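Reader: I am in my first year and still learning how to read a structure with several chains. Could you take a close look at how one chain is built and how it meets its copies?

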4 protein chains.
Amino acid sequence: MKYSFADDYSEGAHTHILELLAQTNLEQQPGYGDDAICIKAQGLIKNAIKNPHADVHFVSGGTQANIIALASMLKPYESVITAESAHINVHEAGAVETTGHKINALPAKDGKITAEQIQEFIDLHFPVHMAKPKVVSITYPTELGTLYTKAELKRISTVCKKNDLYFYLDGARLGVGLTSQESDLTLPEISELVDIFYIGGTKNGALLGEAIVINRKELQDNFKYYIKQHGALLAKGRILGAQFIGLFTDNLYFDLAKHANLMAMKLSKGISQAGYSFLTPSPTNQIFPIFPNKLIDKLKKEYLFYPWQKIDNNSTAIRLVTSWATKEEAVDEFLKDLQK
Amino acid sequence: MKYSFADDYSEGAHTHILELLAQTNLEQQPGYGDDAICIKAQGLIKNAIKNPHADVHFVSGGTQANIIALASMLKPYESVITAESAHINVHEAGAVETTGHKINALPAKDGKITAEQIQEFIDLHFPVHMAKPKVVSITYPTELGTLYTKAELKRISTVCKKNDLYFYLDGARLGVGLTSQESDLTLPEISELVDIFYIGGTKNGALLGEAIVINRKELQDNFKYYIKQHGALLAKGRILGAQFIGLFTDNLYFDLAKHANLMAMKLSKGISQAGYSFLTPSPTNQIFPIFPNKLIDKLKKEYLFYPWQKIDNNSTAIRLVTSWATKEEAVDEFLKDLQK
Amino acid sequence: MKYSFADDYSEGAHTHILELLAQTNLEQQPGYGDDAICIKAQGLIKNAIKNPHADVHFVSGGTQANIIALASMLKPYESVITAESAHINVHEAGAVETTGHKINALPAKDGKITAEQIQEFIDLHFPVHMAKPKVVSITYPTELGTLYTKAELKRISTVCKKNDLYFYLDGARLGVGLTSQESDLTLPEISELVDIFYIGGTKNGALLGEAIVINRKELQDNFKYYIKQHGALLAKGRILGAQFIGLFTDNLYFDLAKHANLMAMKLSKGISQAGYSFLTPSPTNQIFPIFPNKLIDKLKKEYLFYPWQKIDNNSTAIRLVTSWATKEEAVDEFLKDLQK
Amino acid sequence: MKYSFADDYSEGAHTHILELLAQTNLEQQPGYGDDAICIKAQGLIKNAIKNPHADVHFVSGGTQANIIALASMLKPYESVITAESAHINVHEAGAVETTGHKINALPAKDGKITAEQIQEFIDLHFPVHMAKPKVVSITYPTELGTLYTKAELKRISTVCKKNDLYFYLDGARLGVGLTSQESDLTLPEISELVDIFYIGGTKNGALLGEAIVINRKELQDNFKYYIKQHGALLAKGRILGAQFIGLFTDNLYFDLAKHANLMAMKLSKGISQAGYSFLTPSPTNQIFPIFPNKLIDKLKKEYLFYPWQKIDNNSTAIRLVTSWATKEEAVDEFLKDLQK
C-alpha cells in the first residue's frame, strides 16, 4: 500500500499539538473542563470569532458535538431541517433520532439546501400532527466538499429569523472551508450568522476534539448538563483545551487547512489534466473524480479511498481526501500512477 | 355546513357497538385487558385471521399502535424503512423518532414502495455508521388510498426474509382495503404475510380501538410491557374488547367498510362524469379529485374536506373521505352541488 | 366469586355517561379534540376550578397523563422529585424514564413527602454531575389513600417557588380526595396551588379519560404536540369530552366519589370493630387492613383484592378498594364474612 | 495551593503513554478503531483477562462506557439494579435514564449490594406494571472505596443466573481494586464472573480511555452501533488503543494502581495515628476521614479535596483521593500539616 486518501484522520496529531500536551502533562488541574488550559483555549477561540459573549465547550468528536448541540436547541416534539446528504442524516447511526428528534431531510444539490426550500417546507407544516421544525442545520463545507456563499447563508439566516428557527452549523471541516480559495467568509462572519456551531479539530490536526461555540445567550445556560448526560464531559478536559491552544496559536488551524486544500487542488488539477471529470466540483479537501472501474481496480491495489457513487456500469465516482498531513510526494505519485 | 367529508372519524360508533358497551357495562371484570370480554374478542380475531398462535392486544389509536409495535421490533440502533408519504413519517409528530428510531423514507409513487427499492436501500447500508434497517413498514391501503397487490406484498415479504427484516403493516383502514373491489387479498392472507399488523377500529365504526396482531412468536413475549410503558394499557381494557366483539361478529367490520367504499366509488364516478380527474386513482374510501380553486372555494362553504396538494396556480387536489357512517344523500347532494 | 374489591375500575361507566355518549353519537364533529363537545367540557372544568385562563386537555389514562405532563415541564437533563411509593415511580413500567427523565424518589411515610425533604434534597444538588430537579410531583390522595393538608401543600408550593421548581399533582383519584371527610381543600384551591394537575375520570365513573389542567401560561403553548407525539391524541376526542360533560354536570363527579368514600368508611369501621388494625389510616377509597393469613386465604375464595405488604409470618396487609359502583350489600356481606 | 487530593484525574498521562502516542503518531491507520494499534491493544487485554473469546472496545470515559454497555443489554422496558450510591445513579446527570431505562437503586451499606437484596427485589416484581429488572450493575471498587469479596460476587453471579439477569461491572477504578491488599480477586477471575465490564484507563494513568470487555457472546454482535450512536466512536480510535498498549505492557496498569493504593494507605495510617476516624474503612485510593470543621477550613487553604458528608454540627467526612501520580512528599506534607 502506497498511501491512504481515505479520510482526513488517518494520522495522529500535528507535532506541535503533541508537544503542548506533553508540556502541561503533569500540572495538577481541575477536572471536567474547569481547568486553566481550557479557559485559555476558550479565550483564544472567542478572540478568533470576535465574540466575547460566546460560550465555548470542548467535546471529543463530531457526532457528539452534533447531538449535544441539537438536543440543547430542541424540545421533544421539534425537528431539524437539513440536507439529505448531511452527516447527521446519513452517517451518525441515527444518533439524532436516538435523542428523540426527527430529521427533515431536504433534497440537496451539491450537498446544499436553500432558503427557499426551507421556507417551502415550513409552509407545509401541519401543526400538532407533524414534528415542528425548530433548527436548520447545515455543514460547512458540505459532505460533498462544496461551500455556501455568504449571500446564501445570509438568506438562510433571514429565513430562520422569520420563522423562529435556530441556525446551526456543523463545522467538522470548517478549516478547509474558510481557507478555500472559493470561500467568501471569515470565521467571525460565519460565527455571527449562526446560533451554535462547532469548530472541528479532529479532522484538522488534533488527536481529537471539537469546539462547540454558543452565540445565542438563551442557549448557554446549563449547556454542560447536556455534555455530561451524553457521556461527553471528559474528566481530563484539559487535553482538549491544550489542543485548541495549539490550533489557535500562530494561525496553525488555518495553515493546516490551507495545506489540505493545496494538496486537494493539486490532485484535482492533475486528474482534470488527465482527462477525468468530477461528480461535483469541490473547492475543499474532499474531491470526487469519476474513474473507469478498471482504473479504480488498479488504483485500489496501492491507494486507500472510498467508492462513492455508481455512475454507470463502467464508471464510478470515488472520494479522495487530503489533510494537514498529506505528503506532496504521495499526491505526485498518485497522479503519476493515474497516467500509467 | 351541509356535510363533512374531512375524515372517517367524524361520527361516534356504530349503534351496535354502543349497545355492546352498555350490555356488559356493570359486570365486574379484571383490569388491563385481562378480562373475559377482551379474551373473547381476541378469539374472534384469531379465528378471522386463521392463526390460533397469534397474540392480539388492543390499544386506543393508530399512532399508539405504530410506536408500540415498532418499538417491540427494533433495537436502539435499528431503523424502519417506509414510504415517504407514510403516516408514521409525516403525521405522527415524530412519534417513532421519539422512541429513538430513524425512519428511512423511500420515494413512493401512489404511496407504495417496492421490493426492489427496499433491496437497493439495503445494499447501500454502510455498517456501524448508518442506522441499521430492521423493519419494513407499509400501510394498507396507503395514505393515498391505493392498494398493494398480493404479488407485490409477497415480493416485499421475500425481500424481508432475505435480509432478516421484520415486515409490519399499518392497518388503520384495513377494512376498506380488504373490501375494495380491487383488492386481491383476504384478511388471513394479509396476516400470514406480515410479522405484526394492526386492524383499525377507530376509522371503521368503533369509538376508539386498534387490534395489534403479533404473528411472530419471538415478538410476543413481554409485549404488554411496551403497551404499559407508553401509557396505552387502559385500566378498562374491556371497552376495547367489547367493540372488537361487535366488529368481528356477523361480518360487521367488513360490512361497514364496504359501505364506505361504495360511497367513495359513487363520489368518484360522479366526479369523473362531471369531467374532473384525480391526483391518483384510489379504489378505497379516500379519493383525491383535482378541482379548480374557484370550485373549491364554493364547495368549502358547505362541505368540510382538506386541500391536499397544489397542482398549479388554478387547481388543487383535495381529499374527500367517506366512512361507514356516510349518508348516501350527502354524496348525492355533493355531486349535485358540483355541477351547479 | 362474590365481589371484587380489587380496584376502582372493575365496572364500565356510570349510566348517565353512557347515555351522553349515545346522545351525541352520530353528530359530525371535528377530530382530535377540536370538537364542540370537548370545548363544552373544557368550559365546565375551567368553571369548576375557577380559572378561566387554564388550558384543559383530555387523554385516555393516568400513565399517559403523567408522562405527557412531565415531559412538557422537563428539559432532557431535568428530573422529578416524588415519593418512593408514587405511581410514576413504581407502577408505570418506567414510563417517565422512557421519556428520558430521572425520578428522584424520596422516602415517604404514608405516601407523602414534605417541603423539608424537598429542600434538603435540593441542597445536595451537585451541578452538572447530577440530573437537575425541576418538578415536584405528588399524588392526591396518595397511593396509600392518605391526604396532604392545605398547609402541607402550601409549604411544598413555597419550596417549589423558592427553588424554581414546577409543582405537579397526579389526581388519578382526585374525587375521593376532595370529598373525603378529612380533606380541607376544594378543587379551586388545589388547582391554584399547582402548575399542572389532572382530574381522573377512569377511576371515578368514566369509561376512560383524564383531564389535564395547565395553569401556568408558559406551559400551555404547543402542549398538544406532546399529546400527539405520545399517541394520546384520540381521533374521536369527543368521547372524552362527552364523559367529562357528564362528570362535571350536576355535581356527578363529587357524588360518585362520595359514594366510594362512604363505602370505604363503612368497610373500615366494620373491620376496626371486628378488632383488626390498618397498615396506615386512610380517609379515602383505598384501605389497608392487616389480617391473619388464614383469614386472607378464606376471604380470597370469595372476594378479589390484592395482598399489599407482608407484616410478619402470620399476617399481611391487604388492599381493599371501593368505587362509585360499589354495592352496599357487598360491603355488608364482606363484613359479615369477616366475622364468621 | 500545595496539592490536590480532589480526584485521580488531576494530571495528564503517565510519561510512557505519551511516548507511545508520539511513536505511532504519523503512521497512517484506518479510522474508528479498526486500526492495527487497537487490534494489538485488544489482544493484550484478552490475554490479561484470559478470555480469547471476549470482544474489547475502547471509549473515552466512564459515563460513556456505562450508558453504552447498559443500553446494549436492555430492552426499552427493562431496568438496572444497582446500589443507591452508584455512579450511574448519582453522578451521571441521569445518563442511563436518558437512554430510557429505570435504575432500581437499593440501599447500600459501604456502597455494596448483596445477592439477598437483589433476590428480594426480584421477588417483588409485579409484571407489566413495573419496569422489568434485567441487569445488576456493581462498581469495583465501589464509590466509597470498598471491595466486594470473591464470595460476594459469586453469590451475586448465582442470583443473576437464577433470575436471567445480566451482571455488569463498572471498573472505573478497577486497578486500585485488584491491587488492593484486601482484594482476593484477579483480573481473569473478575472477568469470568460478569457479562460485560470495563477497565478504567482515565483514572489510572491514561489521558482518556476505558476498555469495555464483552464476555457474553450474544451481546457482542452489533455492539459498535451503540458506540457510534452515542457519539463515542472516535475517528482516531488509535489513540485509545495506544494508551492501552502502554497500560497492558510490562504490568504498568497494576504498578500505577499499586502506587495509588500505597499513597492512600500511607495517608490513612497517618490520619489514624493522628487520632481521626473514617466514614467507612477503605482499602483503595479513596479515603473518607472525619475531621473537625475547623481543621477542614484550615486544610482547604492549602489542599484541594471534596467535603463528602456532614457528620454533625462540628465535623464532616471529606474525600481524599490518591493516584498513580500522587507525590509521596505531598502525602507527607499533608500529614504534617494535619498535626500542626
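Author: Let us begin with a pair of copies, keeping in mind that this is a predicted model. Chain C can be laid on chain B by a turn of 180 degrees with a shift of 0.0 Å along the axis, and the RMSD of that superposition is 0.0 Å. Within chain C, the C-alpha that lies nearest this axis belongs to His230(C), at 3.6 Å from it. The two copies use the same surface, since 100% of the contact residues of chain C recur in chain B.

A second pair, chain A and chain C, can be described in a similar manner. Here a rotation of 180 degrees, with 0.0 Å of shift along its axis, superposes chain A on chain C with an RMSD of 0.0 Å, and that is the relation of a two-fold axis. Among the residues of chain A, Lys75(A) comes closest to this rotation axis, with its C-alpha at 3.8 Å. Because 100% of the interface residues of chain A are also interface residues in chain C, the copies meet through the same surface.

What does this contact consist of? It takes 12 residues from chain A and 12 residues from chain C. On the side of chain A that touches chain C, the largest share is supplied by helix H10 of chain A, residues 223–229, which contributes five residues. When that side of chain A is sorted by class, it holds six nonpolar, three polar and three charged residues.

From the contact we can turn to chain A as a whole, which has 14 helices and 13 strands. Its C-alpha atoms fill a box of roughly 60 × 55 × 35 Å, taken along the principal axes. For 340 residues, a compact globule would have a radius of gyration near 20 Å, and the 20 Å of chain A agrees with this.

Chain A is also divided into two parts: domain 1 covers 3–9 + 253–339, while domain 2 covers 15–247. The C-alpha centres of these domains of chain A lie 27 Å apart, and the contact between them takes 18 residues from domain 1 and 19 residues from domain 2. On the domain 1 side of this contact in chain A, the elements that give two or more residues are helix H12 (252–273) and strand E9 (286–287). Of these, H12(A) gives the most, with seven residues. The residues on that same side of domain 1 of chain A divide into 10 nonpolar, six polar and two charged.

For a closer view of a sheet, we can return to chain C, where seven strands form an open sheet with mixed pairing, in the order E2-E8-E7-E6-E5-E3-E4. Its edges are strand E2 (55–59) and strand E4 (103–106) of chain C, each of which pairs on one side only. Neighbouring strands of this sheet are turned against each other by 25 degrees on average, direction ignored. Within the sheet, strand E5 (residues 132–139) and strand E6 (residues 166–170) of chain C run parallel and are joined by five bridges, and Ser137(C) stands opposite Tyr168(C) in E6(C). Helix H7 of chain C, residues 150–162, packs on the sheet and touches both E5 and E6 of chain C, with its direction making about 140 degrees with that of E6(C).

Key. Residues are numbered from 1 along each chain as its sequence is written. Chains are lettered from A and ligands numbered from 1 in the order in which they are written. This is a predicted model: local features need pLDDT of at least 70, side-chain atom pairs count only at pLDDT 80 or more; totals for chains, interfaces and linings use all residues. Two residues are in contact if their C-beta atoms, placed from the backbone, lie within 7 Å. Helices (H or I, at least four residues) and strands (E, at least two) are DSSP runs, numbered from the N terminus. Ala, Val, Leu, Ile, Met, Phe, Trp, Tyr, Cys and Pro count as nonpolar, Asp, Glu, Lys and Arg as charged, and the others, Gly among them, as polar. Domain bounds come from an automatic or database domain assignment. Two strands pair if DSSP finds at least two bridges between them. Axes are lines fitted to C-alpha atoms, for helices over the stretch in contact, and angles run from 0 to 180 degrees between N-to-C directions. Copies are superposed by least squares on the C-alpha atoms of residues with pLDDT of at least 70 in both. The radius of gyration is taken over C-alpha atoms; the globule rule is 2.2 Å times the number of residues to the power 0.38.
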